[in-house]
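The following exercises are to be worked with the sequence and the predicted model in view. Each task is followed by a solution in steps.

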Amino acid sequence: IMFAPTETELREMGAKEYGMISMIDDSIGSILAELDKLNLSEDTIIVFTSDHGDMFGDHGVILKGAMHYEGCTRVPLLVHTPGGKTGASDSLISSLDIGPTLLKLAGLEPFHGMQGVDASELLTNPGANIRNEILVEEDQLNDILRVGTPLRMRTLITKDNRITVYDGYEGIELFHLANDPHEMDNLQASDPN
């Protein structure tokens, strides 16, 4: 759960965070070296991602929970395909899209009822638009907001906007991301009509 750290806590957490990043870099390097050693590099699709981000000081808090600021919702997604080009995309994409994308790259059909969309086009056309919006759902077992019910929040993110609603709590977060990329001005709070 998020909290506001002291300067000492933030420095200690920063050192540990950068240590973990170095450990991940070293581990990925070991995996890639082993693929090379086994002559599998050109037969392997590599995916690196995360299930959520971390506030790490954004908005004065650390960790995650009960907030869908970009620090928590924008996670790394790196995909390497044999012979693929290097590039970056600004397209919205959901973790739900990873499964259908990998199946498409492997020449397989998604199973009936599978959620997500094939985003493999982004690997050859980074400017493609795969999705117009992303839905983020969070359900907790505890009443983090102290509203009498376990936390349930839903967020809709588009290229230009984010809106978050909470079950049992009247507060709504509405940000115009194109004008306010750091999500500092909650438009719903400043003008609830």
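**Exercise 1. Determine which side chains of strand 3 are buried and which are not.**

Solution. Begin with the general expectation: in a regular strand, side chains alternate between the two faces of the sheet. Next, sort the residues of strand 3 by face. I134, V136 and E138 point to one face and are buried. E133, L135, E137 and D139 point to the other face and are not buried. The cut-off applied here is a relative accessible area under 20% for a buried residue.

**Exercise 2. Place strand 3 within its sheet, and identify bridge partners in strand 4.**

Solution. First, establish the sheet: four strands in the order 3-4-5-6 form an open, antiparallel arrangement. Strand 3 (133-139) and strand 6 (169-176) are the edge strands, each pairing on one side only. From one strand to the next, the twist averages 10°.

Second, examine the pairing of strand 3. Seven bridges join strand 3 to strand 4 (residues 152-158) in the antiparallel sense.

Third, name individual partners. L135 lies opposite L156 of strand 4, and D139 has R152 as its bridge partner in that strand.

**Exercise 3. Assign I134 and V136 to a nonpolar core and list the contacts of I134.**

Solution. As a starting point, nonpolar side chains tend to be buried together in soluble globular proteins. The largest nonpolar core comprises 11 residues: M55, V61, M67, Y69, C72, L92, I134, V136, I157, F175 and L177. Both I134 and V136 therefore belong to this core, since both appear in its list.

Next, consider the surroundings of I134. With residues up to four places away in sequence set aside, I134 touches L92, I93, S94, T155, L156 and I157. A second, separate core has five residues, among them A66, I144, L151 and M153.

**Exercise 4. Compare E183 and N39 with respect to backbone phi, location and burial.**

Solution. Start with the backbone. E183 has a positive phi of about 55° although it is not a glycine. N39, also a residue other than glycine, has a positive phi near 55°.

Then locate each residue. E183 is in the loop between strand 6 and helix 4 (187-190). N39 is in the loop between helix 1 (7-37) and strand 1 (46-49).

Now apply the accessibility cut-offs, with exposed meaning over 50%. E183, with a relative accessible area of 4%, is buried. N39, at 65% relative accessibility, is exposed.

Finally, describe the environment of E183. Its side chain makes a polar contact of 2.7 Å with the side chain of R162. Beyond neighbours within four places in sequence, E183 is in contact with H59, H68, Y69, E70, R162, F175 and L177. Of these contacts, Y69, F175 and L177 are also listed in the largest nonpolar core.

**Exercise 5. Summarise the chain as a whole: which elements does it contain, and what are its dimensions and surface?**

Solution. Count the elements: the chain has four helices and six strands. Their order along the sequence is α-β-α-β-α-β-β-β-β-α.

Turn to the dimensions. Along the principal axes, the C-alpha atoms fill a box of roughly 55 × 45 × 35 Å.

Then consider burial and surface. Of the 193 residues in the chain, 23% are buried. The accessible surface comes to about 13,000 Å², and carbon and sulfur atoms contribute 54% of this area.

Last, take the contacts with a sequence separation of 6 or more: residues 24 or more positions apart account for 44% of them.

Definitions and conventions. Residues numbered from 1 in each chain as written. Predicted model: local features only at pLDDT ≥ 70, side-chain atom pairs only at ≥ 80, totals over all residues. Heavy atoms only, no water. Pairing = 2+ DSSP bridges. Helix = DSSP H or I, 4+ residues; strand = E, 2+ residues; numbered from the N terminus. Axes fitted to C-alpha atoms, helices over the stretch in contact; angles between N-to-C directions. Core = buried A, V, L, I, M, F, W, Y, C linked by side-chain atoms within 4.5 Å. Buried < 20%, exposed > 50% of the residue type's maximum accessible area, 1.4 Å probe, protein only. Contact = heavy atoms within 4.5 Å. Areas by Shrake-Rupley, 256 points an atom, 1.4 Å probe, with all protein chains shown as cover. Polar contact = N/O pair within 3.5 Å; in protein donor to acceptor, adjacent residues only side chain to side chain.
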